[in-house]
Amino acid sequence: MTTARPKPKPLTITITPDAAEHVRVFAAEAGKSGNQLRVSVKGGGCSGLTYVLDLVDEFKEDDKVIEDQGMKLGVDRKSYVFLAGTALEYYGGLNGTGFVFNNPNAKTTCGCGTSFGV
Amino acid sequence: MTAPYAPPIQQQYDALTQAVALIDRSDIGRLSLTGEDALDLLDRLSTNALQDLSVGHGEITVLTSNKGRIVDVLFVLQEEDSLFVLTGPGNQEAVSSWIDFYTIVEEVTARDLTGETAMLSLAGPDATTILQALLPTQTEVPVAHQAVSAMIGDVQATIIRTDFIGAPAYDIVVSETDGPQFRNTLLETGAEPAGVDATEALRVERGIPAFGKELGESYNPLEAGLMPLISFTKGCYIGQEVVARLNTYDKVQKSLVGLQWDGESAIESGARLLLDGKQAGIMTTAATSPHIAGVIGLGYVKKAHATPGTELLLESPDGPTPVRVTALPFDTE
């Protein structure tokens with residue numbers, strides 16, 4: 001009998017077409033370039049770690065840069081261990097709209113979805 | 001080498017409650033946090049609102065886990081270019097590691113000052129007057145939760161009014177090498193040295209929880225009576241959802257209470273409290289008070305049994321001991 005092995009986590013970060021489009025919309029409103037998004041994690045928040053998104057003109061020297069959907073995602077190096085495999089999605093519904101982090105490393109997530117625990 | 005002079009416990013207790021006592025609190029952890037994100041990070045890791053702290057001001061806050069349990073209770077003082085943090089006794093490394101774990105993009109560095117400093121404390125109703133006489137004339141004694149730095153004689157000292165055992169109580173931090181000389185300076189003012197037995201008696205009477213006894217990961221801040229240290233409006237911190245839910249839906253399961261029983265022999269803390277053969281709580285501290293007959297203690301009991309006057313049984317090597325639940329603080333009049 002063979003046991004199916006779990007698929008390895010993809011060691012990258014992706015953004016869905018819808019989320020990328022919404023980043024561009026927000027960037028246009030803010031008068032910034034819409035194709036450079038910095039993703040990081042800071043300490044704190046209900047579950048311990050909080051996601052941070054920033055529209056930036058330049059990434060930091062150590063950032064890991066990933067291209068997807070015509071965008072450049074700059075990921076803070078220290079944050080990357082908490083984010084590898086994450087898909088950045090956009091949710092729009094009656095009960096709230098915003099970016100959602102589909103993060104395979106998150107063991108717990110707070111109610112509002114902005115913080116997670118590992 | 002001779003042991004330092006120690007007056008009888010009654011004399012120590014009287015100094016604490018009627019005059020001024022000198023307590024060596026050097027076992028309390030002391031950290032320095034530097035970096036522009038230090039205050040913001042601590043605000044996001046703990047229960048109280050710290051964002052508006054200005055230089056010379058301090059605040060007490062609770063580090064909580066994502067389950068809303070107590071990691072430690074910290075006194076956080078904003079200094080000119082850093083934060084000075086008091087932790088539980090011997091808990092500085094654990095707190096430093098906790099902060100380090102959550103330091104990701106932030107610029108924060110923790111340095112352990114515990115070994116290179118001493119902390120001598122003055123407590124009691126005369127502490128303010130005694131301290132004012134020691135300070136340079138232009139320096140005022142700090143009010144509650146504030147601090148000043150000053151030369152006392154030729155010793156550089158930071159004086160923080162933490163009220164750690166009720167008001168007024170001052171923690172005075174000096175370099176480790178200045179410690180013995182500074183202790184003598186404080187003794188020359190007439191302050192009586194007070195040890196563990198007297199300070200524990202007063203702490204229990206006043207219902208003040210201590211790290212490692214009433215404060216730790218077995219309990220949440222609401223159970224420990226730390227409501228004044230929780231901001232329900234500042235936003236997220238680790239464990240905030242759990243703490244808010246416990247409070248909103250009145251889900252706090254147990255309460256910190258006073259306990260009182262007959263006898264002289266102290267029963268070890270951690271002993272179970274029973275009602276009808278089932279566990280109703282746990283005794284966390286036992287002490288002998290000069291003013292209250294028998295033994296007094298602190299403990300956690302299920303909310304249903306927290307009403308003063310409730311009779312429980314305390315497990316002890318000599319068999320079950322009847323215990324009475326008491327309101328906090330104890331009535332010492």
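Me: Which residue in β15(B) stands opposite Ala287(B)?
Reply: A word on the model: it is predicted, so local features need pLDDT of at least 70, side-chain atom pairs count only at pLDDT 80 or more, and totals for chains, interfaces and linings use all residues, while side-chain values use heavy atoms and leave out hydrogens and water. Residues are numbered from 1 along each chain as its sequence is written, and chains are lettered from A and ligands numbered from 1 in the order in which they are written. Strand β15 (residues 295-302) of chain B pairs with β14(B) in the antiparallel sense over six bridges (strands are DSSP runs of E with at least two residues, helices are runs of H or I with at least four, both numbered from the N terminus; two strands pair if DSSP finds at least two bridges between them). In this pairing, the residue of β15(B) opposite Ala287(B) is Ile296(B).

Me: What is the phi of Asp276(B), in the turn between β13(B) and β14(B)?
Reply: β13 (residues 272-275) and β14 (residues 278-287) of chain B pair in the antiparallel sense over four bridges, with Leu273(B) partnered by Gly281(B). The two strands form a hairpin with two residues between them. Asp276(B) is not a glycine, yet its phi is positive, at about 55 degrees.

Me: Which residue follows Ala167(B) across a cis peptide bond?
Reply: Look at the loop between β9 (155-161) and β10 (169-175) of chain B. Asp163(B) is in this loop, and its phi is near 50 degrees, a positive value in a residue other than glycine. The cis bond has omega near -15 degrees and leads from Ala167(B) to Pro168(B).

Me: How are α1(B) and α6(B) oriented to each other?
Reply: The axes of α1 (residues 9-18) and α6 (residues 196-206) of chain B come within 8 Å and cross at roughly 50 degrees (axes are lines fitted to C-alpha atoms, for helices over the stretch in contact, and angles run from 0 to 180 degrees between N-to-C directions). Under 35 degrees counts as roughly parallel, over 145 as roughly antiparallel, 65 to 115 as roughly perpendicular and the rest as oblique. Therefore α1(B) and α6(B) are oblique.

Me: Which strands stand at the edges of the sheet β1-β6-β7 of chain A?
Reply: This open sheet of three strands has mixed pairing. Within the sheet, β6 (residues 87-93) and β7 of chain A are antiparallel over seven bridges, and Tyr90(A) has Phe99(A) as its bridge partner. Each edge strand has a single partner, so one side of each is left without a neighbour in the sheet; these strands are β1 (14-15) and β7 (96-102) of chain A.

Me: Which strand of chain A runs parallel to β2(A), joined by four bridges?
Reply: Chain A also has an open, mixed sheet of six strands in the order β4-β5-β2-β3-β9-β8. Its edge strands are β4 (64-68) and β8 (108-109) of chain A. Gln36(A) has Lys72(A) as its bridge partner, and the strand joined in parallel to β2 (residues 36-43) of chain A is β5(A).

Me: What area is buried between chain B and chain A?
Reply: 16 residues of chain B are in contact with 19 residues of chain A (contact means heavy atoms within 4.5 Å). In chain B, Ile104(B), Val105(B) and Glu241(B) lose the most area to chain A, together 45% of what that side buries. Buried area is the accessible area (1.4 Å probe) that two parts lose on being put together, summed over both. Carbon and sulfur atoms give 62% of the total, which is about 1,200 Å².
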